Amino acid sequence: MTRHFLRDDDLSPAEQAQVLDLADAMKKDRFGHRPLAGPQTVAVLFDKHSTRTRISFATGIADLGGQPLVIDAGSSQMGRGEPIEDTARVLSRQVAAVVWRTYGQERIEAMAAAATVPVVNALTDAFHPCQILADLQTIRERTGALAGLSLTYLGDGANNMAHSYLLGGATAGMHVRIGAPPGYQPDALILDKAATIAARTGGSVVAVSDPAAAVRGAHVIATDTWVSMGQEDKDERIAALMPYQVCAELLEHAAPDAVVLHCLPAYRGLEITAEVIDGPHSAVWDQAENRLHAQKALLAFLMESAS
Ligand code: CP
Ligand code: NVA
């Protein structure tokens, strides 16, 4: 059966743990796993900018014995209005999998519905599930565990990273807290879905507006840009989100050895201070490296499920 990874809850708790274990194994033996040998081609399409996602998928597909085909989707016929479904059918006849960074979640759902090969969400407006796999791998490396740990995300609680922390963190049995002001709180449907998952895994989810309360005792503090790709109301966002800046004073409320995450790119002096992102709590470079290992493991898992 063709499996897709369009949002974090497309993996069950057991499958998420399996992918993370495989990611650790692939990190230890980088060139020892070749499920894409042939080489099989994987199409990696971008409707938005990218550094990490582009590099880590291209490198990871090559590591797995495959061949990456990286395309700016705007320069394909999709950019001139060819239907997503027709593109999915054409790609499915030739490539082993499709990875796509795009805008609305409904676009990648349309691609998956018409594709007969695995489709992977490389970021949409709603979710960034590949990033969360890398983040979970990073947390596990630093702490030895996921279930039972508390993770606080501060900032735009309605963006793709916040939504993916809710679903992915709940799947891992974590206690996920979103600290965001009114108007920037998570989508209620996603919060509900995360709560349902957490009830099964022993985790919990909550959204609050007091930044110090959100951070209190947390083992992991995460943030993201206040202005995501495609958003324009920059000044308004900065004014509303300034009290949620991850800074040394706020970190004092967290667990003493708290791990600080940021998916990058970071804007020092806005969502996080230079002192914190460049300081001893920060795990952001491991996090960026782990995109490679986690996505390789995900692709191997999806290829295996499809065979
Ligand atoms: N974190 C992340 O997805 O980075 P890019 O936008 O550079 O791919
Ligand atoms: N929330 C950010 C993440 C970038 C990797 C964005 O969508 O632009």
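1. A good place to start is the record: UniProt, in an unreviewed entry, lists residues 3–141 as "domain: Aspartate/ornithine carbamoyltransferase carbamoyl-P binding". UniProt positions are given in the numbering used here, feature names are shortened, and annotations may be inferred rather than shown by experiment. Across residues 3–141 the chain is 43% helix and 14% strand, with 27 Å between the end C-alpha atoms. Helices (H or I, at least four residues) and strands (E, at least two) are DSSP runs, numbered from the N terminus.

2. A word on what you are looking at: this is a predicted model, where local features need pLDDT of at least 70, side-chain atom pairs count only at pLDDT 80 or more, and totals for chains, interfaces and linings use all residues. Residues are numbered from 1 along each chain as its sequence is written, while chains are lettered from A and ligands numbered from 1 in the order in which they are written.

3. Now to ligand 1. Its surrounding residues are Ser50, Thr51, Arg52, Thr53, Leu123, Gln131, Cys263 and Leu264; a residue is near a molecule or strand if its C-beta atom, placed from the backbone, lies within 6 Å of it. By class this shell has three nonpolar, four polar and one charged residues. In that scheme Ala, Val, Leu, Ile, Met, Phe, Trp, Tyr, Cys and Pro count as nonpolar, Asp, Glu, Lys and Arg as charged, and the others, Gly among them, as polar. Domain 1 (13–128 + 291–305) and domain 2 (131–287) each give at least three residues to the shell around ligand 1, with the bounds coming from an automatic or database domain assignment.

4. Ligand 2 has its own shell, made up of Leu123, His128, Asn159, Asn160, Met161, Asp224, Thr225, Ser228, Met229 and Cys263. Here the division is four nonpolar, five polar and one charged. Leu123 appears around ligand 1 and around ligand 2, and so does Cys263.

5. Leu123 deserves a closer look. Its place is the loop between strand S4 (119–121) and helix H5 (129–143), and its phi is near 120°, a positive value in a residue other than glycine. Leu123 is buried because 26 other C-beta atoms lie within 10 Å; the cut-offs are 20 or more such atoms for buried, 12 or fewer for exposed, and partly exposed in between, with C-beta atoms placed from the backbone.

6. Thr51 sits in the loop between strand S1 (41–46) and helix H2 (52–63). Thr51 counts as exposed because it has 10 C-beta neighbours inside 10 Å. Its C-alpha atom is 8.7 Å from that of Pro265, although the two residues are 214 apart along the chain.

7. That brings us to the loop between strand S9 (259–262) and helix H11 (274–277), which holds Pro265 and also Leu264. The peptide bond from Leu264 to Pro265 is cis, with omega near 5°. Leu264 has a positive phi, near 70°, and is not glycine; with 16 C-beta neighbours inside 10 Å, it counts as partly exposed. Another cis peptide bond runs from Gly38 to Pro39, with omega near 0°, and Pro39 is in the loop between H1 and S1.

8. Finally, helix H1 (residues 13–28). Its 16 residues reach 23 Å from first C-alpha to last, close to the 22 Å expected at 1.5 Å a residue; the expected span is 1.5 Å times one less than the number of residues. Which residues of H1 are buried? They are Gln16, Val19, Leu20, Ala23 and Met26. Seen down the axis of H1, these buried residues fall within an arc of 120°, so they line one face of the helix; the arc is that of the directions from the helix axis to the C-beta atoms. Ala14 and Lys28 are exposed, on the face of H1 turned away from its buried side.
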